[in-house]
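These are my notebook entries on a structure that I went through chain by chain. I kept each entry to what I looked up and what I found.

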Amino acid sequence: MSAVAAHFSYWVTLFLMIAGLYILIARGNLMKKLIGLGVFQTSVYLLYIAPGKLVGGTAPIVAAGFTTYSNPLPHVLILTAIVVGVATLALGLAITVRIREAYGTIEEDEILERDRTGER
Amino acid sequence: MAVTVLAMVLQRNLFSVVVLFSIYSFLMATVLVALDAVDVAMTEAAVGAGVSTVLLLGALHLTGGTEAKRLERPLVPLALAVAVGAVLAYGSLGLPSFSDPLAPIHTHVAPRYLGASVEETGVPNVVSAVLASYRGYDTLGETIVVFTAGAGVIALLRRRRKGR
Amino acid sequence: MKDDIILRVVAKLLTPFMLLFALYVQFHADFGPGGGFQAGVIAAAAVVFYALVFGLRAGLRLVPEAVAERMLAAGALLYAGVGLAGIALGGNYLDYFVLDADAVHGQHRGIFWVEVGVLFTVSGVMLKLFYMFAGRGGTRDERGGE
């Protein structure tokens, strides 16, 4: 297998990761930041799951007639990661809602500006 | 999927970003099925596309910000992100090839789980067996995390009996 | 959305099936994809769907907020309780082998109860989250005098 085909899955992961990172750093809007975090997180799912796949294998449910299975361990880890991810997302959203109530905006620079001038 | 992500990066209307995120989650679930991770795909479809979309929309309604601001200096973060990506891409060349049966990930714990879990637990779905039995502590801690996050949201958003 | 007859009929028809599917996913997890996490999310999604179509009040009638809160705590306690049961029967914490005379059956039983605990916590949390966000929005609309 050529080097490109062999590492393609990593590069897809990397692309998603960079896109998430970019949204996270570049955008001042807190909602947008949380979504960027979500994209970054899904790229990590891919990072874990993709190496566990074996071509010609099947899902890790033991049955007669199959001998190769994809690796179950990353599946377990990511399964919990997804649910924890949505829980933390909800927590972040809740904090965003409170910030909006306290400051009247969810733009980072405006919040900082208000903090600096001491205006509530 | 790449197109959806790019659209998400560029789009400033938060409502469409949320919808795009939902589409993206479904695509991710499809990819996960292709990678034989059916349990994970099922969770991603239900959680990513279902529940988080509802939560995001709810929060969007509360915060009311439909339009994000235009970027002032987009080049600095972009350069930083691309630089990080380049370093990681260089590092990825050292990783095992896709679907290499001799990669370390396939030679250590996994064969033990795949080989012994049916005899030891009587559960053919190895993911369930590992999740609830071999790694019971992990899952316990994870359940506690979900519980704590729920409690945190309740503490943050609980409506007071009286007004402020 | 409350006035759309198609939505109302479809929602009414689908909600029980979604809950049933959640149960299937929960108890069929030994043989197919599924488990407490997925089932919890699907069950919560069914109720959320119902509440979206018929309004928050109807959803709260279906699953009151107090029930969701109790589920959240009960699930975590159930999980920890399975671990304690292992100690009580002479094993280590979260040791399933001692839960039944036969080790494999004990494993089965342990996995089953642990998954039920996960189901309760996850669906409780998801529902509660939805109620919290939706509830806030409701009061804002009322205050705004829609």
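The entries below cover conventions, confidence, the chains, one interface and four single residues.

**Conventions**

I worked from a predicted model, in which local features need pLDDT of at least 70 and side-chain atom pairs count only at pLDDT 80 or more, while totals for chains, interfaces and linings use all residues. I number residues from 1 along each chain as its sequence is written, letter chains from A and number ligands from 1 in the order in which they are written, and take side-chain values from heavy atoms, with hydrogens and water left out.

**Confidence**

I first looked up pLDDT, the predictor's confidence in each residue, from 0 to 100. For chain A I noted an average of 77, with 86% of the residues scoring at least 70. Among the elements of chain A, helix α3 (residues 72-103) has the highest mean pLDDT, 83, and helix α1 (residues 3-26) the lowest, 76. For chain C I noted a mean of 75, with 82% of the residues at 70 or more. Over residues 139-146 of chain C, pLDDT stays under 50. For that stretch I recorded seven contacts beyond four places in sequence, a contact being heavy atoms within 4.5 Å.

**Chain A**

I took helices (H or I, at least four residues) and strands (E, at least two) as DSSP runs, numbered from the N terminus. Chain A has four helices and zero strands, and along the sequence its pattern reads α-α-α-α. I then looked up burial, where buried means under 20% relative accessible area, exposed over 50%, and partly exposed in between (1.4 Å probe, protein chains only). Of the 120 residues of chain A, 55% count as buried. Among its contacts between residues at least 6 apart in sequence, 48% join residues at least 24 apart.

**Chain C**

I found five helices and zero strands in chain C, running α-α-α-α-α from the N terminus. Of its 146 residues, 48% count as buried. Of the contacts in chain C with a separation of 6 or more, 62% are between residues 24 or more positions apart.

**Interface of chain B and chain C**

I asked how many residues each chain brings to the contact: chain B gives 40 and chain C gives 44. I computed burial here as the accessible area (1.4 Å probe) that two parts lose on being put together, summed over both. The two chains bury about 3900 Å² between them, with 74% of it on carbon and sulfur atoms. B:Met42, B:Leu62 and B:Leu157 supply 14% of the area that chain B buries against chain C, more than any other three residues.

I looked next for salt bridges (a side-chain nitrogen of Lys or Arg within 4 Å of a carboxyl oxygen of Asp or Glu), and the count between chain B and chain C is zero. For polar contacts I used pairs of N or O atoms within 3.5 Å; within protein, one must be able to donate a hydrogen and the other to accept it, and residues adjacent in sequence count only if both atoms are side-chain atoms. By this rule I found three residue pairs across the interface, both residues at pLDDT 80 or more.

On the side of chain B that touches chain C, the elements giving two or more residues are α3 (38-63), α6 (109-121), α7 (126-134) and α8 (136-157) of chain B. Of these, α8(B) gives the most, with 14 residues. I sorted this side into 23 nonpolar, eleven polar and six charged residues, counting Ala, Val, Leu, Ile, Met, Phe, Trp, Tyr, Cys and Pro as nonpolar, Asp, Glu, Lys and Arg as charged, and the others, Gly among them, as polar.

**Single residues**

I located A:Thr42 in helix α2 (residues 30-52) of chain A. Why does A:Thr42 count as buried? I put it down as buried because its relative accessibility is 3%. Leaving out residues up to four places away in sequence, A:Thr42 touches B:Tyr24, B:Met28 and B:Glu44. The side chains of A:Thr42 and B:Tyr24 make a polar contact at 2.6 Å.

I found A:Tyr69 in the loop between α2 and α3 of chain A. A:Tyr69 is buried, at 8% relative accessible area. The C-alpha atoms of A:Tyr69 and A:Gly52 are 9.1 Å apart, with the two positions 17 residues apart along the chain as a separation.

I placed C:Glu115 in helix α5 (residues 103-144) of chain C. C:Glu115 has a relative accessible area of 5% and is therefore buried. Beyond its neighbours within four places in sequence, C:Glu115 is in contact with residues of chain B, namely B:Ser128, B:Leu131 and B:Ala132, and of chain C, namely C:Gln26, C:Gly35 and C:Gly36.

I closed with C:Ala58, in helix α3 (residues 56-62) of chain C, which is buried at 9% relative accessible area. C:Ala58 and C:Val47 are eleven residues apart along the chain, and their C-alpha atoms are separated by 9.8 Å.
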